[in-house]
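Okay, thanks everyone, let me get the slide up. I'll talk through one helix and then one glycine.

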Amino acid sequence: ALAAPCRATVYDFHDPEQNTFGEDQRIQTVYEDTLYDLARHYSLGSEELIRVNPGIDPWLPGTGRTVLVPGRHILPDGPREGIVINIAEHRLYYYPKPERHQPQQVITYPVSIGKMDWRTPLGETRVIAKQQNPWWTPTESVRAEHAKDGDILPARVPPGPDNPLGDHALRLAAGKGTYLIHGTNNPIAVGLAVTHGCIRMYPEDINALFAQVAVGTRVWIVNEPVKVAWVEGELLLEAHPPVDAEGQSYEPDVDKFSELLREAVGESTVAIHWDYAREVLARADGVLATVGLEAEAPDAPPVPAAAADGQ
């Protein structure tokens with residue numbers, strides 16, 4: 001059974017300059033596998049795993065198929081404290097306060113974000129309440145949307161299997177209203193833009209986060225589709241499908257993505273293999289790739305594309 005993650009999502013940072021973590025791996029499927037079960041097992045969103053394994057049926061991958069499990073990531077920009085949610089990669093990062101003489105940690109989970117006109121708000125906020133077994137009070141607009149499909153929602157939905165909030169919720173301040181990080185009664189949809197603006201997590205993930213996060217914890221919601229990092233003189237690139245103002249992912253504009261890459265590199269002296277970099281940006285599958293080398297001399301060699309994808 002693949003109901004729970006097979007490995008911890010906790011990573012130590014002994015070097016404060018470190019900004020990458022995890023590793024990619026390849027696994028062999030067995031008859032009972034689906035990509036949805038494997039995604040949950042490896043702490044990924046379903047779309048995150050399906051995107052990097054084109055040509056494999058997500059429901060019936062078959063026995064003995066090789067599946068790439070993308071587990072290596074670059075931390076998003078911003079403070080390393082509280083909660084940071086990068087909606088472009090559908091991922092939440094939690095930085096617990098380090099204990100004395102202990103390294104900084106990051107705990108990371110896949111999430112769902114808002115869809116269509118149910119916009120996931122960007123910016124800084126904080127946790128203002130924690131709710132166990134929350135009741136769901138759908139807004140009039142949500143009830144109207146469901147009514148169009150013949151689904152008549154009650155004014156309040158009690159805790160239980162029909163409650164889309166799951167068993168735990170963290171309530172955030174959001175302008176004049178509030179906003180939730182919560183569980184789900186539909187785990188298969190984690191990683192997709194399917195919520196009414198809120199952030200949805202696997203049940204086991206929100207349970208773990210709920211136990212650690214205190215009221216008052218600061219939360220940053222960012223939209224960062226292009227991330228870069230320097231590791232031992234190599235420029236690593238991680239690209240995800242961009243997200244529009246309504247929370248919808250769309251195909252990247254490679255020219256605009258290239259500008260984001262230039263901005264991220266800044267004044268650093270680097271020899272970038274631009275053909276390969278543009279290929280990685282167009283693919284936007286979240287898999288880290290080496291697209292440049294630190295150029296200490298004018299004749300710094302180009303990066304061979306075949307050696308840059310870590311495959």
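One bit of bookkeeping to start: the expected span of a helix is 1.5 Å times one less than its number of residues. And keep in mind that what's on screen is a predicted model.

So, helix α5. It runs over residues 254-265, which is 12 residues, so at 1.5 Å a residue it should span 16 Å. The end C-alpha atoms of α5 are 16 Å apart, so that agrees.

Now, which residues of α5 are buried? They're V254, F257, S258, L261 and V265. Those residues cover an arc of only 105° around the axis, which puts them on the same side of α5. Flip to the other side of α5 and you find K256 and E263 exposed.

What does that buried set pack against? Two of the partners are β16, at 226-231, and β17, at 234-239. Then there's β18, at 270-272, plus helix α6, at 274-283.

Let's look at the ends. At the N-terminal end, D253 is the cap on α5: one of its side-chain oxygens sits 3.0 Å from the backbone nitrogen of D255. After α5 comes G266, and its phi is positive, near 65°.

Okay, over to the glycine. G292 is in strand β19, residues 289-294. Is G292 buried or exposed? Its relative accessibility is 0%, so G292 counts as buried. Last thing: G292 and L236 are 56 residues apart in sequence, yet their C-alpha atoms are 7.3 Å apart in space. L236 falls within the numbering of β17, 234-239, which is one of the elements the buried residues of α5 pack against.

Conventions. Residues numbered from 1 in each chain as written. Predicted model: local features only at pLDDT ≥ 70, side-chain atom pairs only at ≥ 80, totals over all residues. Heavy atoms only, no water. Helix = DSSP H or I, 4+ residues; strand = E, 2+ residues; numbered from the N terminus. Buried < 20%, exposed > 50% of the residue type's maximum accessible area, 1.4 Å probe, protein only. Arc of directions from axis to C-beta. Contact = heavy atoms within 4.5 Å. Polar contact = N/O pair within 3.5 Å; in protein donor to acceptor, adjacent residues only side chain to side chain.
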